[in-house]
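Visitor: I am new to this structure. Please take me closely through one part: the place where the ligand sits, and what is built around it.

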Amino acid sequence: MDKPVIEDKTLYREALAGLQGSPKTLQSKWFYDRTGSDLFEQITTLPEYYPTRTETAILREQAGALAAYVQPGAALVELGSGASTKTRILLDHFDRLSAYVPVDISGDFLQQTAQGLARDYPQFQIIPVEGDFMGEVSLPAALGGVPKLAFFPGSTLGNLDPDAATDLLARVRRWDTISAFIIGIDLVKDTDMLIAAYDDAAGVTAAFNLNILKRLNRDIGADFDLAQFVHAARWNAAESRIEMHLVSKIAQTVMIGGQQIRFAEGESIHTENCRKYTADSFRAMAAKAGWQLDSFHTDKGRLFGVCALVP
Ligand code: AVJ
């Protein structure tokens, strides 16, 4: 269970580099320790956080239409599968599938989820793959020649800068016998609604953001005083993204492994980017990676998009 040593070295190296840079940054992948993952689960149920429930509703409504992208005997490969909650909606409708391949970086969690799915979907082979979708995913040899349908829900793609997002799309495009890619993206909308989704009244997103400092204190011996930082969600129109920041309330110095990090009053640590697309901006990015947007599924309010890409 406890295997933090190598991870902590990477966290230390990357956190220090980010905090010594200008502007100061921390990568959003470090949010997700146990507490952070629990807080994110809470976020997904907040009244202001529309993405999860909207995407789930679109998938429910469009599962029949999306089933058209399943070639007979295909494998559904999900990037960053987590608890595979939304996937069950597809599995319930995709009867031509032969296999479901959840890919996740967290091995323990993946095995647990795979067992539950194998029990509930005995008609499909469940083939968990421990891997990082930010790199080359090595799919099992048994999938050679099998048609593949990739699935990347949750607007997780939005955490990536356009170049990195295009690279990810292009890597999946190069998979052998890939036939389609279903992706969830969050859409550009009214700024107040976007800000509220990332700065909820109950303060759960603030706790989620601040938890990264708690993690640095615990895992790499930093001495952040959490009371001296505040959560901020900002809309960056030029980059079409929500940014999350932790803003220093005062001029202060924080120690990390013998290194001093100085903060001016009001200086921020930029902790996350969440890109918002339009159908057109996403179509253009996908085209650069060799994909065509074959269908675009959205809700009445056009809050969220489920995109089906084909080669
Ligand atoms: C998990 C990246 C999709 O961008 O909406 C939620 C993360 N951050 N609230 C998002 C998040 C703050 C979330 N993603």
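Guide: Here is a walk from the ligand outwards, through the domains and then the strands.

A word first: this is a predicted model. Start at the ligand. Its surroundings are I43, P51, G154, S155, T156, G158, N159, Y198, T205, E272 and C274. Sort this shell by residue type. Six of its residues are polar, four are nonpolar and one is charged.

Now step back to the chain. It is divided into two domains. Domain 1 takes 9–31 + 192–275, and domain 2 takes 50–189 + 276–310. Where does the ligand lie relative to domain 1 and domain 2? Both domains give residues to the shell, so the ligand lies between them.

The centres of the two domains, taken over C-alpha atoms, are 29 Å apart. Their contact draws eleven residues from domain 1 and eight residues from domain 2. Look at the domain 1 side. Helix 7 (191–197), strand 9 and strand 12 each supply at least two residues there. Strand 12 gives the largest share, with four residues. By type, this side of domain 1 has five nonpolar, three polar and three charged residues.

Strand 12 leads on to a sheet. That sheet is open and has four strands, in the order 1-12-9-8, with mixed pairing. Strand 1 (24–25) and strand 8 (229–236) stand at its edges. Each has a single partner strand, so one side of each is left without a neighbour in the sheet.

Follow strand 8 to its partner. Strand 8 and strand 9 (residues 241–248) pair in the antiparallel sense, over eight bridges. One pair to find is H231 with its bridge partner L246 in strand 9. The hairpin of these two strands has four residues between them. Within that hairpin, S240 takes a positive phi near 50 degrees.

Next, find the helix on this sheet. Helix 8 (residues 204–220) lies across strand 8, strand 9 and strand 12 (268–275). Helix 8 runs at about 115 degrees to strand 8.

At the other edge strand, look just before strand 1. P23 is in the loop between helix 1 (4–20) and strand 1. The peptide bond from S22 to P23 is cis, with omega near 0 degrees.

Now cross to other strands of the chain. Strand 13 (residues 292–298) and strand 14 (residues 304–310) run antiparallel, joined by six bridges. L293 has L309 of strand 14 as its bridge partner. Five residues stand between the strands of this hairpin. There, R302 takes a positive phi near 50 degrees.

One more turn deserves a stop. T177 is in the loop between helix 6 (162–173) and strand 7 (178–186). Phi of T177 is near 45 degrees, a positive value in a residue other than glycine.

Finally, the record. An unreviewed UniProt entry carries the annotation "domain: Histidine-specific methyltransferase SAM-dependent" over residues 13–309. Over those residues the chain is 34% helix and 26% strand. The end C-alpha atoms of that stretch are 37 Å apart.

To return to the start: the ligand lies between domain 1 and domain 2, and the shell includes T205, E272 and C274.

Conventions:
Residues numbered from 1 in each chain as written. Predicted model: local features only at pLDDT ≥ 70, side-chain atom pairs only at ≥ 80, totals over all residues. Near = placed C-beta within 6 Å. Nonpolar A, V, L, I, M, F, W, Y, C, P; charged D, E, K, R; others polar. Domains from an automatic or database assignment. Pairing = 2+ DSSP bridges. Contact = placed C-beta atoms within 7 Å. Axes fitted to C-alpha atoms, helices over the stretch in contact; angles between N-to-C directions. UniProt positions renumbered as here; feature names shortened; annotations may be inferred.
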